[in-house]
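Subject: Structure handover

Hi,

Here is the structure I promised you. Please open it alongside this email, and my notes follow below.

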Amino acid sequence: MTTKLFGERVQRREDLRLITGQGRYVDDLGRDALAAAFVRSPHAHARIRDIDVSAAVDVDGLVAIYTWEDLPERVRDPLPLLIPHPALTHGRTAYPLARDIVRHVGEPVVMVVARDRYLAEDAAALIEVDYEFLKPVVGIEEAAQGAHLVHEDVPGNLGAHLVQEVPSASGAGAREAIEAAPHTLAFRLDFERSASMPLEGRGVYARWDPDDRSLRVYSSTQTSTSVRMAVAAKLGLPLPSVEVIAPDVGGGFGVKIVHPWPEEVLVPWAAMLLGREVKWTEDRREHFISSAHERGQVQHVRVGFDGEGRILGLDVTILHDHGAYTPYGIIVPIITATQLLGPYRIGAYRVEFSSIYTNTVQVTPYRGAGRPQGVFCMERTMDRIAAHLGLDRADVRAANFIQPGDFPYDQGLIFQDGRPLIYDSGDYPESLRMIKELIGWDGFAALKAEAAAEGRTIGIGLGCYVEGTGVGPYEGGHVQVTSDGRVHVSTGLTSQGQGHETVFAQIAATELGVPLDRVSVVTGDTRRFGYAVGTFASRAAVMSGNAIALACRKVRDKALRIAAEALEADPRDLEIEDGMVRVAGNPGASIALATVAVLSNPLRYAFDEEAKRATQFSGAASMDRPPVAEGEEPGLEGRDYYSPVRSTFASGMHAAIVETDPDTAEIKILRYAVVHDCGRLINPMIVEGQIHGGVAQGVGGALYERMVYDAHGQLLNASFMDFLMPYATEVPFIETAHLETPSPLNPLGIKGAGEAGVIPVSAVIAAAIEDAEGITIDRMPISPSELHELRGRATS
Amino acid sequence: MKPSAFDYHAPRTLGETLEVLAGAGPHGKVLAGGQSLIPLLNMRLAAPSHLVDINRVTSLDTIAVRDGGVRVGALARHAAVERSAAVARAQPLLGAALRLVAHPVIRNRGTVVGSLVHADPSAELPAVLTVLDGSVRLARHGGGERDVPAGEFFTGPLESATEPGELAVSAFFPALPARAGSAFCEVARRHGDYAMAGAAAVVVLDEDLRIASARVACVSAGPVPVLLDMSEVCAHRPAASDDWDAVARAVRDLIDPEGDIHATAGYRRHLTGVLAARALRIAAQEATEDRDDATGGPR
Ligand SMILES: Cc1cc2nc3c(=O)[nH]c(=O)nc-3n(C[C@H](O)[C@H](O)[C@H](O)COP(=O)(O)OP(=O)(O)OC[C@H]3O[C@@H](n4cnc5c(N)ncnc54)[C@H](O)[C@@H]3O)c2cc1C
């Protein structure tokens, strides 16, 4: 069948455009727009005494300079706290331009608008801000002591504190269970900061139309619908007068789900005020110091277990570095705390986190969103248990697995969507069998001995994770078949290069029985679809994919109804293939979907040849009914929404073999294997691409990337020279195998795949290095320099 | 990340270039491949008021093997020097080092002479010039030319003997003598990055195939390339039997590198020892093989 496209390795339709320079990113638009630039704080913590713009006003081409004082009501208010939570007792967000106090290097203080970006930067460089230094608060543990405060009214720098506890089957608390356990271990783990670091930074371009008093905003965002609502509210505009479009977006990875950014409010505001087009394109340094980071945590673990390594009690205390502000609430530490449990059935669990303010860039989700830290904690724990008992590391994991018969499995916790953490499906023992086979787990001891005989040091590591994907509340899809037979699909969530144009088209083509090239897909454009949540939490395929499928089914039903009438057949006998509606088993009786679209819209005017068939004297319509029957609407189109009761849980296991150089301490990944289960695969090639990208970012987090803050709160490596994202040369070949346990929660049986690849990489690499070196690895990332120091400590 | 305003000059001849440079004096900067200068301009770490683009001065685009060495003109790109068979025959260390400089796209633009004038102590080519005792030829308007030996050319991190108004017109890398071998070893965080540590080594054997001279220039080990003469440590032993661990220890004792966010001082010291010894060992091996497959005589 030509139209059965769901599950096929269809090549990405967006790639030709994107890789031949035909993509349209925000900075490609509005060539004549005025340019904005920002004066940003050079200090981590300071009080603004005075802002002197006098030297800047003479710059030729300067249009405007704004400080907080200049901002009108609402625009000048602190930015919204997007996800309130009862445990976030001291949530704080920034002003769009600093008011009195700056709390991290990079915080915007003054906005400059000029004829072009060069001149805007010239003017910005001439603005003098007089600062009174305040004590910078840097480092999670120092901040947690609370000797100096980031926000005067937040004692102990404690933004949020949350405890979740799941007692054992016999009712024992985790601490009690640990005391009673035959074996216990206690240790500390550290995980450093990294960041989403999309190759395209943020960007906003706003056009105010003074004639019809409307605003169009292009933003490099992961949620155009919510930016639209935020901008309309801030600027006091009626919602229908504001449109927000996410054009091609060069990566998001989480940072662009945060909104509205200061610039997303200020650029449209300035455009409206000046009656001119205004654009701001973030540069790399700005991205480093004024967007968002993630990952930084310190974890204290206590675990009690039996002789087979089964965990009887687990008690984890997490210090989470939240940076200077909490616009995205405490989603990251909540995910760490809940997803830490992975594929395991734990006796009793207690988790406590404290979310701490520091004078550093704010922390919001980055691909994986707290999971890499949680998985690091759990998988390091599994390895420690195995080492303690002298057991095989895979066997210890297997002893703790939730079994295939246990689903749905309730972990007894509350997840990031405020709903119970209930796993819908999975097969962890099979996953483990597959990964062991793929990497050659059982034969590794011999390989290691062989290498040792040649003077080489190699090691193997394993890591498992479960990822809650496709969180609610909902997404929608709209599908329209036009009279030329083309299918126009739109959904409100945005794309950052994932391949939505391809997979959503595959879904629509399969559901409607049309060739792929008849289907076009638009995402993230509020002119086409106004209701949406956004692209994050590995949710696009699950949420919009299902919504589009449901909308297609409505369209299909309607098409069959109309075709049945035209063909004088029973709709139940009809099928659609290759864009033709046919009576099954009677190839002669058919009608093109295009014609059905014509007939679906009763016309008075024959604007073209085809349209004649739907006009009043064509004899097509029944005379006993109104042309648009009750309950019907003109047109062959449908809209539907998908809103799940809760998330669906994907899972996977990774394994790696690394080699460490005995002389130079260089660390090389020799092999990297992934077993991945995201339910039914819409397009295995795209899923593999997502895995590859995720693993690449995971390798970055494990071996290369960190945010190096000094004691003054200066970010020492705020450029691609010193913040080391892995190149293609650092990313190993990735061997992949798929397992498909469909989700029972949604019509397509799918689970999310976007973030998975990154999640267990640090845990896996740490385990492999530990195995190679025989040195405990309890903090990531790790560099050759650090491995060298660890070796020194181990031998001294 | 936009540069501040500057006057842009695009001369077509050497004479014109020197004239413009003389006029600009301390406010002028030469733009060669731009792979180092453009980022500095964009970050406003450099703000010259005159930018003198030499990319149209085609007379500077030369690579010549003569007078016992390789003379590289100011417009010769890394990639061209790297691919030149004549260069590889005369001085294989250049190609070996260039393959470790950045990535192909950057080598297509970046120039050898620009790299020397830029004088980054982590860069490969300054170490090569140093270990080979090469020189840089500087010219100024109305002032003729002067050759500055490598030992005097690098004066500090990102500082060279090139004075305001001067243009580096070429660099000279002496050829490898007979019974000699060379090697470049480095460890960078990622492929193509500036190295955390590295060493350019040249070993010359005597007629009995014992090490007569062993020199190594280390990158990222000090403010300028650090030249170490290891001839004493390796002296008069056959290449194959040398105690390379002792060489590594000797190197570590002689250097005093600094730590940074990528490598502690201790690691850098350790690594430099490893790499210097490794480079010397490979160079000694090459020298031996060179003796095996040739009959002496300059290559
Ligand atoms: C991502 C990246 C990675 C890199 N990695 C490495 C690496 O691993 N190793 C390495 O060695 N280099 C590396 N480089 C730098 C690269 O090799 C540069 O090309 C080189 O350092 C400078 O050469 P250029 O021709 O680009 O000089 P430009 O950038 O044009 O100029 C550099 C400086 O030299 C001056 N200058 C240039 N030519 C002359 C001249 N003829 N006379 C007087 N002054 C002159 C300029 O005024 C300027 O001050 C890297 C660059 C990038 C962008």
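Start at Asp190(A), which sits in strand 8 of chain A, residues 183–191. Please keep in mind throughout that this is a predicted model. Asp190(A) has 10% relative accessibility, and the cut-off for buried is under 20%, so Asp190(A) counts as buried. What does its side chain touch? The side chains of Asp190(A) and Arg188(A) share a polar contact of 2.8 Å. This pair also forms a salt bridge, with 2.8 Å between the closest N and O atoms. Arg188(A) is partly exposed, at a relative accessible area of 28%.

**Salt bridges**

Some background first. Side chains of opposite charge can pair when their charged atoms come close. How many salt bridges does the whole structure hold? The search finds 72 over all chains.

One of them joins the side chains of Arg40(A) and Glu286(A), at 2.9 Å from N to O. Arg40(A) belongs to strand 1 of chain A (residues 34–40), while Glu286(A) belongs to helix 7 of chain A (residues 284–290), so this pair ties together parts that are 246 residues apart in sequence. Are these two residues buried or exposed? Arg40(A) counts as buried, at 12% relative accessibility. Glu286(A) is buried as well, with a relative accessible area of 6%.

Both residues also belong to a network of salt bridges. Its other members are Arg117(A), Glu121(A), Arg202(A), Glu263(A), Glu282(A) and Asp283(A).

Chain B has a salt bridge worth a look too. Arg146(B) pairs with Glu166(B), and the closest N and O atoms are 2.8 Å apart. This pair links distant parts of the chain: Arg146(B) is in strand 7 of chain B (residues 144–149), Glu166(B) is in strand 10 of chain B, and 20 residues separate them. Arg146(B) counts as partly exposed, at 32% relative accessibility. Glu166(B) counts as buried, at 8%.

**The ligand**

Now for the ligand. Which residues come nearest to the ligand? Of the 29 residues around it, these are Val30(B), Gly34(B), Leu37(B), Thr111(B) and Glu124(B).

Three polar contacts can be checked by eye:

- Glu124(B): a polar side-chain atom lies 2.7 Å from a nitrogen atom of the ligand.
- Gly34(B): a backbone N or O atom lies 2.7 Å from an oxygen atom of the ligand.
- Gly33(B): a polar backbone atom is 2.8 Å from an oxygen atom of the ligand.

How much of the ligand does the protein bury? On its own, the ligand exposes 950 Å², and the protein buries 91% of that.

Three elements of chain B each give two or more residues to the shell around the ligand. They are strand 2 (28–31), helix 7 (112–118) and strand 10 (166–174). Helix 7 of chain B gives the most, with five residues. By type, the shell divides into 15 nonpolar, 11 polar and three charged residues. Two domains of chain B take part: domain 1 (1–175) and domain 2 (180–293) each supply at least three residues.

Pro126(B) is in helix 8 of chain B (residues 124–131). Pro126(B) counts as buried, at 0% relative accessibility. Pro126(B) and Ala150(B) are 24 residues apart in sequence, yet 7.9 Å apart in space from C-alpha to C-alpha.

**Backbone points in chain A**

Two cis peptide bonds to note:

- His259(A) to Pro260(A) is cis, with omega near -15°. Pro260(A) lies in the loop between strand 11 (242–245) and helix 6 (262–274) of chain A.
- Phe407(A) to Pro408(A) is cis, with omega about -5°. Pro408(A) lies in the loop between helix 10 (393–400) and strand 16 (409–414) of chain A.

Two positive phi values as well:

- Met197(A) is not a glycine, but its phi is about 55°. Met197(A) lies in the loop between strand 8 and strand 9 (203–209) of chain A. Met197(A) is buried, with a relative accessible area of 3%.
- Phe253(A), also a residue other than glycine, has phi near 60°. Phe253(A) sits in the loop between strand 11 and helix 6 of chain A. Phe253(A) counts as partly exposed, at 31% relative accessibility.

Best wishes

Definitions and conventions
Residues are numbered from 1 along each chain as its sequence is written. Chains are lettered from A and ligands numbered from 1 in the order in which they are written. This is a predicted model: local features need pLDDT of at least 70, side-chain atom pairs count only at pLDDT 80 or more; totals for chains, interfaces and linings use all residues. Side-chain values use heavy atoms; hydrogens and water are left out. A residue is near a molecule or strand if one of its heavy atoms lies within 4 Å of it. A polar contact is a pair of N or O atoms within 3.5 Å; within protein, one must be able to donate a hydrogen and the other to accept it, and residues adjacent in sequence count only if both atoms are side-chain atoms. Accessible areas come from the Shrake-Rupley method with a 1.4 Å probe; for residues, only the protein chains shown count as cover. Helices (H or I, at least four residues) and strands (E, at least two) are DSSP runs, numbered from the N terminus. Ala, Val, Leu, Ile, Met, Phe, Trp, Tyr, Cys and Pro count as nonpolar, Asp, Glu, Lys and Arg as charged, and the others, Gly among them, as polar. Domain bounds come from an automatic or database domain assignment. A salt bridge is a side-chain nitrogen of Lys or Arg within 4 Å of a carboxyl oxygen of Asp or Glu. Buried means under 20% relative accessible area, exposed over 50%, partly exposed in between (1.4 Å probe, protein chains only).
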